[in-house]
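Ready to practise reading a protein structure? Take a moment with the sequence and the 3D view, then work through the exercises below.

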Amino acid sequence: MADIKDPALAPSGRDRIEWAAGEMQVLAQIRERFEKEQPLQGVRIAACLHVTTETANLMETLAAGGAEVLLAASNPLSTQDDVAAALTEQSGVETFAIKGEDNDTYYKHLNAVLDLQPQVTMDDGADLVTVLHTQRADQLTHVLGGTEETTTGVIRLRAMAGDGALAYPIVSVNDADTKHLFDNRFGTGQSTIDAVMRATNRLLAGRTIVIAGYGMCGRGVASRARGMGAHVVITEVQPTVALEALMEGFRVMPMREAARIGDIFITVTGDTSVIRREHMELMGDGAILANSGHFDVEIDKEALRDLATGGIRRLRDSVDEYTLADGRRLHLLGEGRLVNLAAAEGHPAAVMDMSFANQALSVEWMVKNHADLEKRVYPVPEEIDREVARLKLRAMGVEIDTLTDEQDRYLHSWDQGT
Ligand SMILES: NC(=O)c1ccc[n+]([C@@H]2O[C@H](COP(=O)([O-])OP(=O)(O)OC[C@H]3O[C@@H](n4cnc5c(N)ncnc54)[C@H](O)[C@@H]3O)[C@@H](O)[C@H]2O)c1
């Protein structure tokens with residue numbers, strides 16, 4: 001059934017899954033409760049997520065709650081083959097994912113998890129939901145609801161709901177405070193810089209790093225790049241966000257100016273063609289280009305290929321060199337796909353703990369409440385978000401103050417002033 005690279009990789013996957021589990025105490029507490037209460041007993045779940053050690057811990061939590069789960073990759077390059085093997089061979093979660101799979105295989109794998117006739121979909125980027133709605137609409141009646149992990153997926157789902165095309169309710173896990181304020185910022189921040197360093201082994205100190213997009217992810221990447229001693233330049237399209245970046249001390253300019261001065265370019269906008277031919281034509285010899293946004297459309301790869309009349313070669317793992325007609329070389333990391341997953345291991349487990357705690361609790365909430373929900377995108381209920389933060393603080397051994405009765409009254413009053 002499953003489609004993985006090599007079942008013999010399972011033991012190494014198991015060790016790494018356990019290593020991640022050590023940092024995922026919130027999910028562990030949920031798993032313990034799920035084992036006892038079996039809230040997902042018999043529920044069929046099709047998941048389309050990056051196949052990483054953290055995802056494995058989520059899959060095992062859902063299975064512990066009684067669910068029948070199949071997993072496919074949400075990106076052709078992000079799969080950790082040893083994790084896919086451990087899940088399939090040891091956890092009973094059949095996985096359909098091979099690192100480097102071509103587009104046809106990617107979609108074959110999405111269809112394989114949909115063969116389960118899922119009642120719940122769990123998506124990262126909304127590809128699964130799209131295939132279900134466009135090619136397998138006959139199955140939509142089985143679906144109770146779904147969850148979505150990332151900004152780009154939520155944008156697509158809101159567009160579907162706006163057009164009246166969304167056939168079932170979906171919880172936007174991305175919008176939970178305990179997700180995007182931590183995962184997108186600290187997770188993408190650290191793992192993107194980690195990926196650039198692993199792929200290139202270049203010194204960042206003193207270099208100019210251009211970051212396109214100063215959203216939740218972009219500000220994480222920017223602050224960590226600054227921490228490494230780089231000169232950070234931000235490009236933006238939203239005036240207020242650009243102003244924030246400026247007052248945070250970063251230089252802000254259009255990409256056509258940044259292209260001339262950058263050593264390393266990182267896109268993280270969720271938008272398309274952010275770095276295009278007109279920018280590549282201005283870049284210096286040796287410039288490095290990477291993308292950490294969801295789809296591989298932020299850097300115009302077709303334009304890069306067209307410009308590379310001097311040849312294209314793989315120089316190191318995850319580094320492709322494109323030689324332009326005048327001899328300048330541009331280096332694309334991870335084929336322009338999410339660099340932190342293609343060239344590193346994705347977010348550290350400690351932040352995924354919160355994102356995936358939200359996933360597990362949102363699925364439970366959806367299964368309980370689906371009959372009362374409309375076919376639209378729902379936020380993660382506030383009580384879940386707060387609970388995840390409370391459990392995380394406890395796991396980190398941190399206590400906080402509570403309001404006194406007087407403070408509580410004061411904060412709810414309107415007649416107390418000077
Ligand atoms: N690499 C990862 O592991 C990871 C993790 C979380 C999210 N993501 C993805 O990263 C992307 C960004 O997510 P986010 O949460 O930061 O979104 P966000 O909406 O908070 O921020 C995106 C920012 O990009 C800006 N932008 C849009 N078009 C632009 C352009 N042409 N040039 C410059 N700036 C532009 C927007 O104004 C916005 O400020 C999404 O695709 C999301 O799915 C990736």
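**Exercise 1.** Find which residue in E3 stands opposite Leu-70, then place E3 in the sheet.

*Solution.* Keep in mind that this is a predicted model.
Step 1: Leu-70 stands opposite Glu-94 in E3.
Step 2: Look at the pairing of the two strands. E2, residues 68-73, pairs with E3 in the parallel sense, over three bridges. Strands of a sheet pair through backbone hydrogen bonds, in either a parallel or an antiparallel way.
Step 3: Zoom out. The open sheet has seven strands, ordered E3-E2-E1-E4-E5-E6-E15, and the pairing is parallel. Strand E3 (94-96) and strand E15 (377-379) are the edge strands, each pairing on one side only. From one strand to the next, the twist averages 20°.

**Exercise 2.** Name the strands that helix H6 lies across.

*Solution.* Start at residues 127-135, which form helix H6. This helix lies across strands E1 (44-49), E4 (120-123) and E6 (170-172), and runs at about 135° to E4.

**Exercise 3.** Describe how the ligand is surrounded.

*Solution.*
Step 1: Count the shell. There are 25 residues around the ligand, and Glu-236 and Ser-292 are among the closest. The shell divides into seven nonpolar, 16 polar and two charged residues.
Step 2: Look for polar atoms. A polar side-chain atom of Glu-236 is 2.6 Å from a ligand oxygen atom. An N or O atom in the side chain of Asp-271 lies 2.9 Å from a nitrogen atom of the ligand. His-294 places a backbone N or O atom 3.0 Å from a ligand oxygen atom.
Step 3: Judge the cover. On its own the ligand has 850 Å² of accessible area, and the protein covers 85% of this.

Conventions. Residues are numbered from 1 along each chain as its sequence is written. This is a predicted model: local features need pLDDT of at least 70, side-chain atom pairs count only at pLDDT 80 or more; totals for chains, interfaces and linings use all residues. Side-chain values use heavy atoms; hydrogens and water are left out. Two strands pair if DSSP finds at least two bridges between them. Helices (H or I, at least four residues) and strands (E, at least two) are DSSP runs, numbered from the N terminus. Axes are lines fitted to C-alpha atoms, for helices over the stretch in contact, and angles run from 0 to 180 degrees between N-to-C directions. Contact means heavy atoms within 4.5 Å. A residue is near a molecule or strand if one of its heavy atoms lies within 4 Å of it. A polar contact is a pair of N or O atoms within 3.5 Å; within protein, one must be able to donate a hydrogen and the other to accept it, and residues adjacent in sequence count only if both atoms are side-chain atoms. Accessible areas come from the Shrake-Rupley method with a 1.4 Å probe; for residues, only the protein chains shown count as cover. Ala, Val, Leu, Ile, Met, Phe, Trp, Tyr, Cys and Pro count as nonpolar, Asp, Glu, Lys and Arg as charged, and the others, Gly among them, as polar.
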